[in-house]
Amino acid sequence: MPELQQSNLPWVEKYRPKTLDELISHKDILSTINRFVAEDRLPHLLLYGPPGTGKTTTILAVARQLYPNNSQFGAAVLELNASDDRGINVVREKVLTFASTRSMFTTGFKIIILDEADAMTKDAQNALRRIVEKYTDNVRFCFICNYLSKMIPAIQSRCTRFRFAPLSREQMVPRIREITEKENITVSDSGMSAVVRLANGDMRRALNMLQSTSLSHDEVTEDTVYTCIGHPLRKDIKKIAELMLNSSFKDAFTQIQQIQRDKGLALQDILEDIHLLVHKIDFPTHLRLKIVDKLCEVEFRLSSGTSEKLQLSGMIAAFQLARDPLISSMDTS
Ligand SMILES: Nc1ncnc2c1ncn2[C@@H]1O[C@H](COP(=O)(O)OP(=O)(O)O)[C@@H](O)[C@H]1O
Ligand SMILES: [Mg+2]
């Protein structure tokens, strides 16, 4: 396969740290793993945590450190991820074959990486627990998953666990700056804030957002980021909240629908941001609670596939039912 040109690579691959030192977070985890490697005592690993926090990158860096040269790497490292079929038969065949053969040119142990392991069936996981024990002499397993609770306890107890927390703003910003400087991209301060806010600690999401925004717009600003990923702009959300609080039901309904149509916004996304806004508006506490409670109901119904029009009415109703007592209390005071 021809080498992909560097410039065509998605940034998440182009800027995937090659060594443990390059990773920007989880220093305590990395130094522990580094010590395991240095002392040649690598245990079976279970890396878990939300997406885009460096789990796959970490284990690939470890494997590369152990097997710097390509042919060794190929012979000693087996990587399976969610796109592979991982029913019980694949686990038996692929993993067992790889685990049980000794290669001629490499010493030390082999590494089997099971990425997105929480997508494996319980049966497949159960089949693995025996293999993990049987081949501990010459194979180290590394399970990677988002949800620890989806791994069977037997596997959890055979591994040393590390939790990868979402990255903080302070960790993400310098790395993003470094990358945008290399790519010659102009990012405004508000654009940077928007990327970090929307990424929510997921570095993959941040880089993908930046790359697609910079491809479609000259400059990365708050507006271009939001527009590019189809997220409601903050000014639209404000407008929607104002309509719900100040206009008649009918006006609010038609105008919000118009905004949805013009900007291609899903009610789900609006709801999420409106919820954040409700916490910032200075409502009396009992009204805030009422609204939040209603918004929860609307979201629940929406996620079970009910009519978006009806749920939009529900959202507006939640606000208007809460605001009316507020207005009448103002009238009397
Ligand atoms: N801690 C980190 N330091 C630097 N870059 C990171 C870090 N975490 C994630 N990234 C970036 O995000 C991309 C996805 O990371 P990855 O390790 O695949 O995440 P996951 O935790 O979902 O396996 C990487 O290619 C890298 O560019
Ligand atoms: Mg991963």
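This section describes the surroundings of ligand 1 and the domain arrangement in a predicted model.

The chain is divided into three parts, namely domain 1 (6–163), domain 2 (169–228) and domain 3 (234–332). Between the C-alpha centres of domain 1 and domain 3 there is a separation of 46 Å. Residues of the shell around ligand 1 are contributed by both domain 1 (6–163) and domain 2 (169–228), and the ligand therefore lies between these two domains.

Ligand 1 occupies the largest pocket. Two elements, helix H3 (55–66) and helix H10 (203–216), are those that each supply two or more residues to the shell around the ligand. In total, 17 residues surround ligand 1, and those that come nearest are Val-12, Gly-52, Lys-55, Thr-56 and Thr-57. By residue class, the shell comprises 8 nonpolar, 6 polar and 3 charged residues.

Polar atoms of the ligand are placed close to both side-chain and backbone atoms of the protein. At Thr-56, which is among the residues that come nearest to the ligand, an N or O atom of the side chain lies 2.7 Å from an oxygen atom of ligand 1. A polar backbone atom of Gly-54 is found 3.1 Å from an oxygen atom of the ligand. In the case of Ser-25, the partner on the ligand is a nitrogen atom, at 3.1 Å from an N or O atom in the side chain of this residue. Of the 560 Å² of accessible area that ligand 1 has on its own, 97% is covered by the protein.

How values were computed:
Residues are numbered from 1 along each chain as its sequence is written. Chains are lettered from A and ligands numbered from 1 in the order in which they are written. This is a predicted model: local features need pLDDT of at least 70, side-chain atom pairs count only at pLDDT 80 or more; totals for chains, interfaces and linings use all residues. Side-chain values use heavy atoms; hydrogens and water are left out. A residue is near a molecule or strand if one of its heavy atoms lies within 4 Å of it. A polar contact is a pair of N or O atoms within 3.5 Å; within protein, one must be able to donate a hydrogen and the other to accept it, and residues adjacent in sequence count only if both atoms are side-chain atoms. Accessible areas come from the Shrake-Rupley method with a 1.4 Å probe; for residues, only the protein chains shown count as cover. On a 1 Å grid over the protein atoms alone, a cavity is a set of points where a 1.4 Å probe fits but cannot get out, and a pocket is an open set with protein on both sides within 12 Å along at least five of seven lines; lining residues have an atom within 4 Å of a point. A molecule sits in a cavity or pocket if more than half of its atoms lie within 2 Å of its grid points. Helices (H or I, at least four residues) and strands (E, at least two) are DSSP runs, numbered from the N terminus. Ala, Val, Leu, Ile, Met, Phe, Trp, Tyr, Cys and Pro count as nonpolar, Asp, Glu, Lys and Arg as charged, and the others, Gly among them, as polar. Domain bounds come from an automatic or database domain assignment.
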